[in-house]
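Biologist: Could you walk me through this one? I'd like to learn how to read its features as we go.

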Amino acid sequence: MNTDPAKTGTVLEIRDVRTHFPVTAGFLRKRLVGTVKAVDGVTLSVGRGEVLGLVGESGCGKSTLARTIMNLVPATGGTVVLNGRNLSQSNARELRAGRREMQMVFQDPYASLNPRLTVFEALSEPLLVHKVCPASEVPARVSGLMRTVGLAPRFLKKYPHEFSGGQRQRIAIARALALEPRVIIADEPVSALDVSIQAQILNLLSQLCGQMNLSLMFIAHDLSVVRHISDRVAVMYLGRIVELGGAEDVIDRPQHPYTRALVSAIPTPDPDVERRRQRIVLAGDPPSPLNPPRGCAFHTRCAHVREQCRAAIPPLAVHAGREVACIRIGEF
Amino acid sequence: MPLLDVTDLRTYFHTRDGVTRAVDGVDFRLERGETLGIVGESGSGKSVTCYSIMGLIPQPPGRIESGTAVFDGVDLLHCKPAQARAIRGKRVAMIFQDPMTSLNPYMRISDQLIEPLLIHERISRRDALRRGLEALEAVGINDAAKRIHHHPHEFSGGMRQRVMIAMALITRPELLIADEPTTALDVTVQAQILELIKAMQKELGMAVIFITHDLGVVSGLCDRVQVMYAGRIVESADTRTLFQAPRHPYTRALQRSIPSMQPKGKDLYTIPGLPPDLSRPSIGCAFAPRCESAADTCLASDPKLAEIVPGHAQACLRVQAGTL
C-alpha cells in the first residue's frame, strides 16, 4: 500500500484552500453581516493510487472542500494543482480538460442520476461531450463500463428508478469512470446504503483504485468505513484539518483531542467492549462557523483546554508520525 | 405478565402493484424495564412493526391482517379507540428518526411539549409549563426557561432530538419506542443522545424498544436483540449471545459485513444478491436465495422461530435440524 506521496508521485495537491461564503441581510439593500469560513486554509495531497479519507461531522466543511476542489464552488483563496496543472488559474477550456481527470461521486444515488435518462444515455453523455472516442465505439465502451462496476450490460435500457440504491451507486461510479479520470472524489458514497450493500460498494472502490491506479478522496463521517478503505486519513473540524496521518495511526491511536472524542463516540459491535469502555462525551454542538471561537476552534468543547488555546489558531505540527494541530500535544 | 406481548402480527400494504407483506408474522414479548433492540436493513419491517403497535399505519393502503399487541392487559389492536388513545402517547411514547420533520415548525416548543400533558392529564396550563420546563432541563437543554418559547428551527439537530425525547417522556411512559433516533445525527451527538436515553431509562424505569440498523448502537444499549429480515424475526437472543454466538446465517452474515470487524486491506465480506421483493409470493426461507448454507429443504418449507436454548430463538431450518 502506498502511504508516501513523495515516492509514488502526487496527483492532486491543494494548498491553503479557503472557501468563504458571505452572509447578507436585508431585502432590497443587501448588506454583509458576516462570513462563513466553510473551508479555512486546507493543505492536502493525494498520491497516485492512494486513498485519502476525509472525516468530520456535518458542517465541518468536508463537502465544501470537495466541491471547491471540483470547482463546483469558487475558492476564495489557495491553489488546486492536478497533475502539475494549476486549476485555480486556468481558463474555462483548461478547466474542462481538468475535469476529465477528476470526477465526483455523490452521496445520494437517488438524486445524482437524471431520472429521465436511461443508463446508456447517462453513461454515454460524458463520452460524447468530451469526444473521448468516435460515436461508433460508444456502445462498446459503455458496456465495458457496466462490466467494470459489476452490472450486466443488459440493464442499459433501464431508467434509474428501476434499480436499488446500491446498483444506482454503481451506475454513478461507472459514470465517473467513463472519462478515465486519475482522481475520484467520493462524497459520502455509502452513507445512504445498508450495511450489506455498503460493503459491496467499498469493495468495488478499493478494487478500482488497485486495478486502475486511481486516486480516491473518500469523504465520510463513518470512521470504521474510512479506516477500512483509506491509506491516510485527514480529520476536519470547523473548516480546518486538525489531524492527518496513516489511517490506522489516526483512528487506532488518535492524538488530537477532537479525534479522540470522535473515535470514542463510535459504538462498537461488541457488547463486552462497549460496556467496559470509557466514552469521551463531548458537551454541546460544534460552534457556528459564522462566529467561530477565537484561537483553536475546538477549545469550547475540549477537556484539555488552557488559556493559550484561546490565543492563536494552532498550526499542524508533526507528532507521533502524523500531523496534529494542537499546541498541547504530548502533554496529555 | 410481560409489559407488551405481540403475537402473530401481520401488516400488509395493499397497493396497485400487489400486496406487500411488510410484517409477516412477528411474535415477541417485552418485560418491564427491559431494553429490546430490533435490528434489520431497510425494508425488513422493523419500523412497520412498531408503527402497527402505535396505530400509525396509514389505512389504507396498510392493513393489520392479524395479530394482537397486548400492553398491560389491553390489546392495542382490537380495543376501543378511546382505550387505545389513553395508552398511546401517555403510557407508550415514541421518538422518530428525523428530528427536523417530526416537530411542528409552526408551534413554539412550549406548546408542542406540553400538548401530551394537556391531553392526558387534568393539569392547568401553568403547571404543564412548569413540568415542560423541568423536562427540558432533564434532557440537558441549557437556558430552558428562554429556549422553551423558541420555535424548532432555532434548535440544532441534536437539540431537537432532545426536545423530542423530553416530549415523549413528559407523561412518564412505561414504554418508549425509539425508531432510529440517532441515525440522522453525528457520532458525537449520537453518543450524547444514547447516554441521555440510558439515563432517562434508569430514572423512570421504563422499557425501551430501540429500532436501528446499526449493530454497534445496539451492543452497548440493549438487554436483548432481535434481528428482522423480510418482515419476520429470524433471531432473538440476549445481546451478548447474539453478538458472540449468533446462529442464524443472516445474523452471521450481517455481522461479518461490518467494516470494523474485518481486517484492513482485504475485501469486505458481502452478502450476495438483494433483499427479496415482499410483494411477490415466496415459499420457504426468505433468506435462502442469498444464504451460503441453503439446502433444498430451505426452499421447500417455511421456517418458524423456535428456541434452541432457553432465551435464544432463531428461524433457520438447518440449525433447527442440527445440520448447521
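Biologist: How many bridges join strand β3 of chain A to β9(A)?

Modeller: Strands here are DSSP runs of E with at least two residues, helices are runs of H or I with at least four, and both are numbered from the N terminus. Two strands pair if DSSP finds at least two bridges between them. In this case β3 (residues 51–55) and β9(A) run parallel, joined by four bridges. One to click on: A:Gly53 has A:Val233 in β9(A) as its bridge partner.

Biologist: Before we go on, how far should I trust the numbers?

Modeller: This is a predicted model, and local features need pLDDT of at least 70, side-chain atom pairs count only at pLDDT 80 or more, while totals for chains, interfaces and linings use all residues. As for labels, residues are numbered from 1 along each chain as its sequence is written, with chains lettered from A and ligands numbered from 1 in the order in which they are written.

Biologist: Fine. In which sense do β9(A) and β10 of chain A pair?

Modeller: Antiparallel, over six bridges, with β10 spanning residues 240–246. Here A:Ala234 is matched with A:Leu244 in β10(A). The hairpin has two residues between the strands, and A:Leu238 takes a positive phi there, near 50 degrees.

Biologist: Is β9(A) mostly covered or open?

Modeller: Count neighbours: a residue is buried if 20 or more other C-beta atoms lie within 10 Å of its own, exposed if 12 or fewer, and partly exposed in between, with C-beta atoms placed from the backbone. For β9 (residues 232–237), six of six residues are buried, so by that definition the strand is mostly covered. Both faces are covered: A:Arg232, A:Ala234 and A:Met236 on one side, A:Val233, A:Val235 and A:Tyr237 on the other.

Biologist: And a helix? Why is α2 of chain A described as largely enclosed?

Modeller: An α-helix has 3.6 residues a turn, so residues three or four places apart point the same way. In α2 (residues 62–69), seven of the eight residues are buried, so the rest of the structure largely encloses that helix. Among the buried ones are A:Lys62, A:Leu65 and A:Ile69. After α2(A) comes A:Asn71, with a positive phi near 60 degrees.

Biologist: Where else should I look for positive phi?

Modeller: Try A:Asp16, a residue other than glycine with phi near 50 degrees. A:Asp16 sits in strand β1 (residues 10–25) of chain A and counts as exposed, with 12 C-beta neighbours inside 10 Å. A:Glu188 isn't a glycine either, and its phi is positive at about 50 degrees. That residue lies in the loop between β7 (183–187) and α7 (195–212) of chain A, and is partly exposed with 19 other C-beta atoms within 10 Å.

Biologist: What about omega?

Modeller: Go to chain B. B:Gln59 and B:Pro60 are joined by a cis peptide bond, omega about -15 degrees. The bond from B:Pro60 to B:Pro61 is cis too, with omega near 5 degrees. B:Pro60 lies in the loop between α1 (46–54) and β4 (62–71) of chain B, and B:Pro61 is found in the loop between α1 and β4 as well.

Biologist: Last one: how many residues does each chain bring to the contact?

Modeller: Two residues are in contact if their C-beta atoms, placed from the backbone, lie within 7 Å. Chain B brings 38 residues and chain A 32. On the chain B side, α7(B) gives the most, with seven residues.
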